[in-house]
Amino acid sequence: MKNGDASTTSGPATSDHMEHFIRELPKCEHHVHLEGTLEPELLFQLAERNGVALPDTFPKTVAECHERYSRFKDLQDFLDHYYVGMSVLKHEDDFFELGKAYFHKAHADRCLHSEVFFDPQAHAERGVSIESVTRGLNRACQYATKQLGISTRLIMCLLRHLPPTEGLDTVKQSLTLYEEGLIHGLGLDSSEKPFPPELFTECYSLISSKFPSVGLTAHAGEEGDHSYVQKSLSHLNVTRIDHGVNTKQSEDLIKHVAENEIMLTLCPLSNKKLQVVQDIAELPVDLFLRNGVPFSINSDDPAYFGGYILDNYLAVHDKFNLSLTDWCVISKNSIKGSWCSEDRKKELHSLVDKVFDKYNDLI
Ligand SMILES: Nc1ncnc2[nH]cnc12
Ligand SMILES: [Zn+2]
């Protein structure tokens, strides 16, 4: 049966098969901030356990949190809340618990490979060392691999609203952790405008000169225009772009990104919540597919944006009438763009093929 022709079958309609297919599809996540997976329930538990007094303006209950999360005006409005929320994280075990809870959610969504961000500078401000944060999260990564079969990578992000000299200090403090193999990538996040990527050139070149195999990525083209994407590629030498929605503004850039297999890590629910788009249907999913721009689908800050990776896949399914073949392209590109071993990629490819074969006869 072909996509869209639901008239002649018994059993579930095509769209039901499509939804089952998407649920079963092995997924790779490349854009999730572990601090953004802090659910309100754990946030309040940690506040009590760690004796953290949240400001009077902070929501008092889980329900009030959800109400607050339903009306972020933009990225900055979200970030102002997010940095306060994460102040309840104080000890290595808190970070372990946070990571473990995320990996269980990812596992339930059939996410088999996950590359996770963390923001050490946001914790250093409160006296929490980069070692405590990294070791706690690394233990969670090991747990995910051993107990849940998820391969993982840890990506340290620099906060672009802080001075680049502080970013460089953070990079220097992190060198031993990269050396130990606890951190595998470098990223750049927080308020995009007016902090262009070239401010952080030295931070990126220091890491890549010491550890050439470390993956480089940066948030760009979320609220910033396409020049932020261009400059992340030319000045930071990243091989991946986080968000990158505004790549759509330049035909030359679309061509460049496609030809050089730069993967964009799209985050549909995040873009809607932070009003990057008013509707997920506005995302350039068709444009990117037609032009061979590789992208993956991710959750960004799922505790705040109302859904983990599967919800983001389903949101795309809901708005774009993608075929089984389109989904296979998305899923194979997200494997190809992952920073895991070639053997792991082969395993993931064959798992995707199995699900594709199962549903190819049905859809
Ligand atoms: N969507 C986002 N953009 C930039 N920085 C972030 N940090 C957490 N979520 C972010
Ligand atoms: Zn992000």
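A residue counts as buried if 20 or more other C-beta atoms lie within 10 Å of its own, as exposed if there are 12 or fewer, and as partly exposed in between, with C-beta atoms placed from the backbone. With that rule in hand, take D300: 30 other C-beta atoms sit within 10 Å of D300, so D300 is buried.

Before going on, here is some housekeeping. The model is predicted, so local features need pLDDT of at least 70 and side-chain atom pairs count only at pLDDT 80 or more, while totals for chains, interfaces and linings use all residues. Residues are numbered from 1 along each chain as its sequence is written, and chains are lettered from A and ligands numbered from 1 in the order in which they are written.

**The whole chain**

The chain has 17 helices and 8 strands; helices (H or I, at least four residues) and strands (E, at least two) are DSSP runs, numbered from the N terminus. The radius of gyration is 20 Å, close to the 21 Å from the globule rule for 363 residues, so the chain is as compact as a globular protein of that length. (That radius is taken over C-alpha atoms, and the rule is 2.2 Å times the number of residues to the power 0.38.) Measured out along the principal axes, the C-alpha atoms fill a box of roughly 65 × 45 × 40 Å. Buried residues make up 45% of the 363 residues.

Two residues are in contact if their C-beta atoms, placed from the backbone, lie within 7 Å. Take the contacts between residues at least 6 apart in sequence: 77% of them join residues at least 24 apart.

UniProt, in an unreviewed entry, lists residues 26-354 as "domain: Adenosine deaminase". UniProt positions are given in the numbering used here, feature names are shortened, and annotations may be inferred rather than shown by experiment. Over residues 26-354 the chain is 51% helix and 14% strand, and the end C-alpha atoms are 10 Å apart.

**Around the ligand**

Which residues surround ligand 1? They are H33, G36, L75, D189, S190, H219, E222, S270, D300 and D301, where being near means having a C-beta atom, placed from the backbone, within 6 Å. By class, this shell has 1 nonpolar, 5 polar and 4 charged residues. (Ala, Val, Leu, Ile, Met, Phe, Trp, Tyr, Cys and Pro count as nonpolar, Asp, Glu, Lys and Arg as charged, and the others, Gly among them, as polar.)

The unreviewed UniProt entry also places a "binding site" at H31, H33, H219 and D300. These span 270 residues in sequence, yet no two of their C-alpha atoms are more than 11.7 Å apart, so they gather at one spot.

H33 lies in strand 1 (residues 27-33). Leaving aside neighbours within four places in sequence, H33 is in contact with F117, D119, D300 and D301. D300 sits in the loop between strand 8 (295-297) and helix 14 (302-305). Not counting residues up to four places away in sequence, D300 touches H31, V32, H33, G36, C267, S270 and F305.

Here is how some residues compare with the burial rule:

| Residue | C-beta neighbours within 10 Å | Class |
|---|---|---|
| H33 | 27 C-beta atoms | buried |
| S190 | 20 C-beta atoms | buried |
| C328 | 19 C-beta atoms | partly exposed |
| R110 | 17 C-beta atoms | partly exposed |

**A helix with two sides**

In helix 11 (residues 251-259), L253, I254 and V257 are buried. Seen down the axis, the buried residues fall within an arc of 105°, so they line one face of the helix; the arc is that of the directions from the helix axis to the C-beta atoms. They pack against helix 10 (226-236). On the other side of helix 11, E251, D252 and E259 are exposed.

**Backbone oddities**

Most residues other than glycine have a negative phi, and most peptide bonds are trans. Where are the exceptions here? E261, which follows helix 11, has a positive phi near 50°. R110, in the loop between helix 5 (92-108) and strand 2 (111-118), has a positive phi near 60°. S190, in the loop between strand 4 and helix 9, has a positive phi near 80°. The peptide bond from K193 to P194 is cis, with omega near 5°, and P194 lies in the loop between strand 4 (185-189) and helix 9 (201-210).
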